Amino acid sequence: MPKVVALPGDGIGKEVTDAAVAVLKEVAPDVTIQELLIGGAAVDAAGVPFPGEVEAAVTTADAVLLGTVGGPRYDTLPRELRPERGLLALRKALGVYANIRPVRVVPGLEHLSPLRPEKARGVDVLIVRELLGGLYFDSNRGRSGERAHNTMSYTVPEIDRIARIAFWAAEQRRGHVTSVDKANVLEVSELWRETVTKVHEEKYRHVTLRHELVDSAAMLLVSNPTRYDVILTENLFGDILSDLAAVLPGSLGLMPSASLGDGPGLFEPIHGSAPDIAGQGVANPAAAILSVGMLLRHGLKRSGAANNVDAAVSLALRSHPTRDIGGTASTQAFADAVLQALSTTN
Ligand code: ATP
Ligand code: MG
């Protein structure tokens with residue numbers, strides 16, 4: 001029996017994860033779900049943001065479903081006890097090196113997008129971001145006096161493994177990968193481009209590959225987003241492009257994500273703990289429920305169930321919109337609408 005660990009965390013994390021867990025139980029009744037604390041909730045209960053017991057559970061699970069961590073209540077804690085530290089420790093424990101974010105304008109909800117409806121229609125991009133390398137982690141870094149430096153470096157194996165994830169994802173979608181780099185000025189990007197091309201030629205010739213410079217990709221992602229299927233990029237470029245892309249669907253409450261490595265994957269909404277609405281029962285649980293869809297697809301390899309969840313969420317977004325997307329439905333009412341839609345498709 002597959003085991004999923006659910007970590008609701010803080011703020012609206014609890015509300016949206018409750019809704020997501022209910023959906024997971026509905027579509028995968030054979031899965032064992034173990035619920036544990038992380039972040040501020042774990043600090044309150046156990047004194048640390050990522051207890052050893054949680055580490056042991058997640059590393060032996062088949063997949064991990066996360067809510068959100070953090071909140072103003074924890075901002076005065078010493079740095080090592082901050083909820084965000086728990087999140088970093090979780091990612092590290094799972095060794096996830098690929099962050100995957102689908103950016104989709106829901107058909108019928110084009111009006112939520114900051115793009116004109118004719119530009120927004122049909123936007124469906126998957127951003128595959130390298131998560132453990134590049135500028136953020138290279139040990140060649142430092143400050144002295146009036147000078148500071150960080151280093152963007154990648155090895156061939158690091159590029160190779162993330163490229164394979166992008167091609168593999170494209171195979172299950174529309175079959176196009178755009179690799180984004182800055183090869184006109186950076187040697188590290190030259191190596192990136194050569195390695196991605198090599199993986200393509202060796203194993204994925206049936207997928208199309210295009211290379212783009214990051215500055216041009218940033219512009220096109222906004223001016224002509226339907227040109228993209230899968231975008232593959234390194235850590236810093238991916239950080240920026242994925243937040244840029246996140247505004248296209250119109251609400252943070254619509255955006256799931258997956259972080260994958262060689263062990264259990266981590267599935268979570270991209271939004272934060274939203275202290276301004278936490279505890280009111282009005283948060284949109286769509287991102288958390290769509291994260292269950294990604295968990296089913298990538299973590300448990302159940303794409304049929306994943307498709308059912310995605311379709312049920314699309315229906316509920318139109319029939320029971322929550323406040324962030326211009327409606328009045330509560331978190332619970334939205335979740336009930338998803339469960340209702342699932343019971344008619346199953
Ligand atoms: P963090 O630092 O934890 O990332 P943040 O302030 O950057 O927090 P969010 O917590 O995601 O970002 O909140 C940004 C805004 O979006 C808030 O006004 C919040 O209420 C709203 N928001 C975020 N997620 C949702 C959701 N699921 N449903 C409704 N509104 C949401
Ligand atoms: Mg934030």
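Start with the whole protein in view: with 346 residues, a compact globule would have a radius of gyration near 20 Å, and the protein agrees, because its own value is 20 Å. This is a predicted model. Along the principal axes, the C-alpha atoms fill a box of roughly 50 × 50 × 40 Å.

Next, colour by secondary structure. The protein has 12 helices and 12 strands. If you then colour by burial, 49% of the 346 residues count as buried. Turn on contacts between residues at least 6 apart in sequence: 76% of these join residues at least 24 apart.

Now go to the loop that runs from strand S12 (265-269) to helix H10 (286-299), and select Ala274 within it. What is the sign of phi at Ala274? The angle is positive, near 45 degrees, in a residue other than glycine. Is Ala274 buried or exposed? Ala274 has 23 other C-beta atoms within 10 Å; the cut-off for a buried residue is 20 or more, so Ala274 is buried.

From there, follow H10 to the loop between H10 and helix H11 (303-319), where Lys301 lies. Lys301 also is not a glycine, and its phi is positive, at about 55 degrees. Display the surroundings of Lys301: 10 other C-beta atoms lie within 10 Å. A residue counts as exposed at 12 or fewer, so Lys301 is exposed.

To finish, show both residues together. Ala274, in the loop between S12 and H10, is buried, whereas Lys301, in the loop between H10 and H11, is exposed.

Methods: Residues numbered from 1 in each chain as written. Chains lettered and ligands numbered in written order. Predicted model: local features only at pLDDT ≥ 70, side-chain atom pairs only at ≥ 80, totals over all residues. Helix = DSSP H or I, 4+ residues; strand = E, 2+ residues; numbered from the N terminus. Rg over C-alpha atoms; globule rule 2.2 N^0.38 Å. Contact = placed C-beta atoms within 7 Å.
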